[in-house]
Amino acid sequence: DVQMVFQDPFSSLNPRIRIGETLEEPLAIHQLANKQEQKERVFDALDKVGMKIEHYYRYPHEFSGGQRQRLGLARALISDPKIIICDEPVSALDVSIQSQVINLLQQLQADLKLTYLFITHDISVVRHISDRIGVMYLGKIVEEAPTDQLFETPLHPYTQSLFSAIPGRHYTKKRERIVLKGEIPSPLNPPTGCVFHTRCPLATDICKKAIPEKKQIAPNHHVACHHV
């Protein structure tokens, strides 16, 4: 039910195995099809991601980065999952290829009724592909809201500083640049209380002591901050 598309298309495919065997492996592991059915499902998956039947017989080194990422997506689709986790799936690709892969992801989402959990640092990609966004700092979700609402009204100090660094065309309101001071703490030894308090311009004593609870500020808009 849950599958994964990895960040690096050059290391996520086994270089010693032909693409056909790579895509058949999930079907064999989960006993989802016999040998003949496996081959037919692989051909179907290749077609869905814009690849050809002859690619079944080739090795990963014979493909470009964009093609490999399509093959990684085909491998994720092969078991008919409900959710696909996409870990920075376009960050290793050229910008022109990124748009092709993102458009493919959106088309497959519409055709197959998929849910994506899309992890990325590229906020322009986030805005283009996401219905809902969770902003994370040091492993904690500090704000969560529908995409348009979050870009229109970011409420957490970290979200505000993050968005202030984006070129203005990516959000609707012009914002003054907020520069955070200090170093990011180690996630192995996070600060007490609110994990953002060591760099937050609004931090007070309560921020150092108490972990902020997630509060609903508007419909479907939640923020974890003492001072929001």
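These legends accompany close-up views of a predicted model.

**Figure 1. Overview of the predicted model.** The protein has 228 residues, of which 43% count as buried. Its secondary structure comes to 8 helices and 7 strands. The C-alpha trace spans about 65 × 35 × 35 Å along its principal axes. Among contacts with a separation of 6 or more, 53% join residues 24 or more positions apart.

**Figure 2. The open sheet of 3 strands.** The strand order is β1-β2-β3, and the pairing is parallel. Strands β1 (2-5) and β3 (115-119) stand at the edges. Each has a single partner strand, so one side of each is left without a neighbour in the sheet. From one strand to the next, the twist averages 20 degrees. Strands of a sheet pair through backbone hydrogen bonds, either parallel or antiparallel.

**Figure 3. Pairing of β1 with β2.** Strand β2 covers residues 83-87. It pairs with β1 in the parallel sense, over 4 bridges. V2 stands opposite I83 in β2. Helix α3 (residues 65-77) lies across both β1 and β2. Relative to β1, α3 runs at about 175 degrees. Angles over 145 degrees count as roughly antiparallel, so α3 is roughly antiparallel to β1.

**Figure 4. Packing of α1 on α3.** Helix α1 spans residues 19-29. It packs against α3 at an angle of about 30 degrees, and the two axes are 8 Å apart. That angle makes α1 roughly parallel to α3. The crossing of α1 past α3 is right-handed. From α1, the residues in contact are I19, T22, L23 and P26. They meet L71, A74 and R75 in α3. By class, this contact has 5 nonpolar, 1 polar and 1 charged residues.

**Figure 5. Buried residues of α1 and their cover.** The buried residues of α1 are I19, G20, T22, L23, E24, P26 and L27. What covers them includes α2 (35-48) and α3. Four of the residues named here, I19, T22, L23 and P26, also appear in the contact with α3. An α-helix has 3.6 residues a turn, so residues three or four places apart point the same way.

**Figure 6. L73 and its surroundings.** L73 is found in helix α3. Its relative accessibility is 3%, so L73 counts as buried. Leaving aside neighbours within four places in sequence, L73 is in contact with V5, V49, I84, L104, L105 and L108. V5 belongs to β1, which covers residues 2-5. I84 belongs to β2, which covers residues 83-87. L104 , L105 and L108 fall within α4 (95-112). P9 lies 64 residues from L73 along the chain. The C-alpha atoms of L73 and P9 are separated by 10.0 Å.

**Figure 7. Q31, in the loop between α1 and α2.** Q31 follows α1 and lies in the loop that leads to α2. Phi of Q31 is near 50 degrees, a positive value in a residue other than glycine. At 71% relative accessibility, Q31 counts as exposed.

**Figure 8. K113, in the loop between α4 and β3.** K113 has its place in the loop between α4 (95-112) and β3. Phi of K113 is near 60 degrees, again a positive value in a residue other than glycine. K113 is exposed, with a relative accessible area of 70%.

**Figure 9. The hairpin of β4 and β5.** Strand β4 (residues 132-137) and strand β5 (residues 140-146) pair in the antiparallel sense. The pairing runs over 6 bridges. β4 and β5 form a hairpin with 2 residues between them. L138, in the turn, has a positive phi of about 55 degrees. The bridge partner of Y137 in β5 is K140.

**Figure 10. The two faces of β4.** The covered face of β4 holds I133, V135 and Y137. The uncovered face holds R132, G134 and M136. In a regular strand the side chains alternate between the two faces of the sheet. Y137, on the covered face, is the residue with K140 as its bridge partner.

Technical notes
Residues are numbered from 1 along each chain as its sequence is written. This is a predicted model: local features need pLDDT of at least 70, side-chain atom pairs count only at pLDDT 80 or more; totals for chains, interfaces and linings use all residues. Side-chain values use heavy atoms; hydrogens and water are left out. Two strands pair if DSSP finds at least two bridges between them. Axes are lines fitted to C-alpha atoms, for helices over the stretch in contact, and angles run from 0 to 180 degrees between N-to-C directions. Contact means heavy atoms within 4.5 Å. Angles under 35 degrees count as roughly parallel, over 145 as roughly antiparallel, 65 to 115 as roughly perpendicular and the rest as oblique. A crossing is left-handed if the near helix is turned anticlockwise from the far one by less than a right angle, and right-handed if clockwise. Ala, Val, Leu, Ile, Met, Phe, Trp, Tyr, Cys and Pro count as nonpolar, Asp, Glu, Lys and Arg as charged, and the others, Gly among them, as polar. Buried means under 20% relative accessible area, exposed over 50%, partly exposed in between (1.4 Å probe, protein chains only).
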